[in-house]
Amino acid sequence: MKTDISKMRNIGISAHIDSGKTTLTERILFYCKRIHSIHEVRGKDGVGATMDSMELEKERGITIASAATSVNWKGYDINIIDTPGHVDFTIEVERALRVLDGAVLVLCSVAGVQSQSITVDRQMKRYNVPRIAFINKCDRTGADPLKVKDQLVEKLGHNAVMIQLPIGLEDKHEGIIDLVTMKAVYFRGPDGEDIEITDIPTDLLDEAEGKREEMLDSISMFSDELMEAIMEESVTEDLIHDALRKGTLSQGLTPVCLGSAYKNKGVQALLDATTKYLPNPTEIENIALDLDNDENEIILESVESKPNVALAFKLEDGQYGQLTYIRVYQGSIKKGSELYNTRSRKKFKVGRLIKMHSDHMEDIIEAEHGDIAALFGVECASGDTFVQTGLNYSMTSMFVPAPVISLSIAPKDKKAADNMAKALNRFTKEDPTFRTFVDKESNQTIIQGMGELHLEVYVERMKREYAAEVEIGKPQVAYREAISKMVDFNYTHKKQTGGSGQFGRVAGFLEPLTEGDYEFVSKIKGGSIPTEYIPACNKGFKSSLTKGSLIGFPIVGVKVTINDGQSHAVDSSDMAFQSAAMGAFRDAYARAKPVILEPIMRVSIEGPTEFQGNVFGSINQRRGIIISSADEGTFSSVDAEVPLSEMFGFSTTLRSLTQGKAEFSMEFLKYGKVPKGISDELITEYEEKRRKESGK
Amino acid sequence: MVRAELNKRGPLRVFEKSINGGLGKGHIGVLASKKGVGKTACLVHIATDKLFRGRHVIHVSFSQKVDHIISWYEDIFKEIAKKRDLEDAIDIHDEIIKNRVIMNFNSQGTTIDQVLVSLRAMMTEGNFPADSVIFDGYKLSEASPDDMNKLKTLASDADIELWFSVSLNGENPTFNEKGIPTVLEDRVKDLDVLITLKFEGDYVHFQVIKDHENMELKDMSLKLDPKTMLIARE
């Protein structure tokens, strides 16, 4: 059966962590007749809400990964992407936003616009996602949806318009007034599934009429017909819906719905608004890059006759193998057809094609343009583009931030080692911000990610999903050593007691090099060191750089010049000159005032201006230098240079300093000198470690 | 040339000498000229000179992008280092930028209260021991007497000097008989130092209008080098 694409919606539900997003999703699924009982996020029955498919999420009560679920509401096919609401997982949010056509911004009627709402909203703006708002938890003490609507205007800059009013708040919250139809809507029955529409209670009529005026005023600018109708007093529901839809699609307007998902109030009306005001896939412009043509932008057309273009936006490891969630942008992907992965340049056959309802799945034979579906057993990474053979498009690359923290992990036993490898392989495919490599220096497996919590979650997932118990090291910083002074050297390596001897003398100087890690210059004249031994000298110096004598980290920025030496007709050899060079370096390095260098990060912090002082203070405490601050009214940002070693635990500190309302990013800037006090500490630590090791 | 020598004998010593040894902590100074004459360059040079002498400077700007101001500092530093053939320029650069913070306010209608809250936060919570604050682009001529008092309080409470640039509108801004720009006539009593910049012939010249208690017109024998945008001797 072909679906009518104008009745298709791809929506995300995005919000701050405790605004009740998961509960709302659960209710949506329920009302769409796909699930038969309602569970709470922290349910007493231990079943848990359906969208949180991962055990870990159930335990923490937060939603980490985004799963796509398809539902049907009054003839509309709605694909819901459940997006995470935690700062450390913004890549998940961003990736979900990439494939959405519209979103519901869930806000708590008590807490109002919170940090994550600000962050998520900014991300949505970046991806031009039209939004409607749902003010949830109207049954809570202190509920004030009109205040929250004002915050939408003030804090997020939305042209927010109430299209509903509450009937009663807090424990008296009974239903809503629909300002379009001017009717009262009650949600009766044990699960609120019986909708009763009545006249507006007389005590609320005046307020409702006032708010309707306000609504008409705001939306009339999006529709000339409505404007005329208002003047002629012949406003119809269709005209209002039309104006609301136009305003929402242009992102010039945010219709505001309200209710309480927990108390089963207002969810069906929100679904109606979703189908009425959010766009269908043909109303959104999607762009691909033509890899055969200098990555020229191509506007995709959401029609079946065009060649297939789809984006793999999410990978999940299910019990039947790898599940790849795709969004089809153009054409129609059929079971058994052939697709081409433009990144890996490999063709593959579409095997099982399914639609997901959280943990349950439904086999389908075709995924049409605009739709979201999942493929089974396709070897790929998230972010890959699948096209019909003959095309070579890539969907615009998703913004992937660089990892900022690393941690060593070691499996506890042989079995864990195998499982760990499997898990790491999977995670790196699922999440482009998670990386792993084996450190050559320590031979340890290092994982890198976006924050401590980010890595913690993966370590826990390894344990739970892959039975890989690992021990984790301390978050590590990659130090370097360098010299700060020019010194001469003149070193003789001599071993001439019995048997074949060794002899070599090298002389010259070491000096700091500002550009590059190492340079070797030979100014030997008159053959004081025979030409054939010069490479051996170079090798000797170079090998000395791998481990500095201060704290055992690599030495960088050294220029070695040799200008004199001596050889022995019989006892000189490559080996002898290499040893001489190493000896010369060891001796000279100690005198060249070696220093420890540490990675300095460029840190950007953004958050409400009210916390600026706390942010300044936290940078100052972390040996940071504030480069600049930019004040944009209620929101401000700070750019600073802070040593990486001081940044561990910063996300937690920042969260507590700013009530979670600030976010930060950082990237490597340069290596800088470690101050004396800290340098001494590091050296003492290293010496103790060596003493212990040699004592063993 | 080494840093100490540069600090001892630069055109900025001439600048300070002609305003009775410098603006001084707790005081407010103004550089006024029409647009595009080089006020920002002068302020950045004044700030850079302070940084060279180990002082801490906050540069407050409005509407411009932060990157733009940082490049002003980089350019002025490079020109000074080149002109004076400065030794260890890279190390000195890295050392002195630690003592400089740029605070940008780019929302319309930023009030002086908001600026002061942020400045105080930088000095207290941020533990930044500012000696001078440069205000580039703040409309001092439109500030209310109340705002003026708040600025004076900041200067004396925090024991810092404040330098402002004031743009004079139009091609031919008017001045009174004492050389005071008309827009600043009501303000001048609150200022400790007022200097105007004017094109004369090929160069921009500096004139002291008010030097603490002294209201006699004085030429500073300084000009702005049009090539390097540095303050230089005439």
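**Close-up 1. Helix α13 of chain A and the residue after its end.** In this predicted model, Lys593(A) has a positive phi of about 45 degrees just after α13(A). The helix itself covers residues 574-591 of chain A, 18 residues in total. From first C-alpha to last, α13(A) reaches 26 Å, close to the 26 Å expected at 1.5 Å a residue.

**Close-up 2. The buried residues of α13(A) and their packing partners.** Two aromatic names, Phe577(A) and Phe585(A), are among the buried residues of α13(A), and Tyr589(A) is also one of them. The buried set includes several alanines as well: Ala576(A), Ala580(A), Ala581(A), Ala584(A) and Ala588(A). Gln578(A), Ser579(A) and Met582(A) complete the list. These buried residues pack against strands β30 (487-495) and β31 (502-512) and against helix α12, each in chain A.

**Close-up 3. A left-handed β-α-β unit in chain A.** Helix α12 (residues 534-544) appears here again, together with β32(A) and β33(A), in a left-handed β-α-β unit. Strand β32 spans residues 518-522 of chain A, and strand β33 spans residues 558-566. The two strands run parallel and are joined by 5 bridges. Tyr518(A) stands opposite Val558(A) of β33(A).

**Close-up 4. Helix α14 of chain A and its cover.** Six names mark the buried part of α14 (residues 612-621): Gln612(A), Asn614(A), Val615(A), Phe616(A), Ser618(A) and Ile619(A). Their cover draws on both chains. From chain A it includes strands β34 (595-608), β35 (625-632) and β36 (635-643), along with helix α15 (650-657). From chain B it includes helix α6 (112-123). Just after α14(A), Arg623(A) takes a positive phi of about 55 degrees.

**Close-up 5. Chain B, the source of helix α6 in the previous view.** Chain B has 7 helices and 9 strands. Of its 234 residues, 43% are buried. Among chain B contacts with a separation of 6 or more, 72% link residues 24 or more positions apart.

**Close-up 6. Confidence along chain A.** The mean pLDDT of chain A is 83, and 88% of its residues reach 70 or more. Residues 34-48 of chain A have pLDDT below 50; this stretch has 24 contacts in the model beyond near neighbours in sequence. Residues 56-66 of chain A also have pLDDT below 50, with 35 contacts beyond near neighbours in sequence. Where pLDDT is low, predicted coordinates should not be read in detail.

Methods
Residues numbered from 1 in each chain as written. Chains lettered and ligands numbered in written order. Predicted model: local features only at pLDDT ≥ 70, side-chain atom pairs only at ≥ 80, totals over all residues. pLDDT = per-residue confidence, 0-100. Contact = placed C-beta atoms within 7 Å. Buried ≥ 20, exposed ≤ 12 C-beta atoms within 10 Å, placed from the backbone. Helix = DSSP H or I, 4+ residues; strand = E, 2+ residues; numbered from the N terminus. Pairing = 2+ DSSP bridges. Right-handed = clockwise from strand over helix to strand, strands pointing away. Expected span 1.5 Å × (residues − 1).
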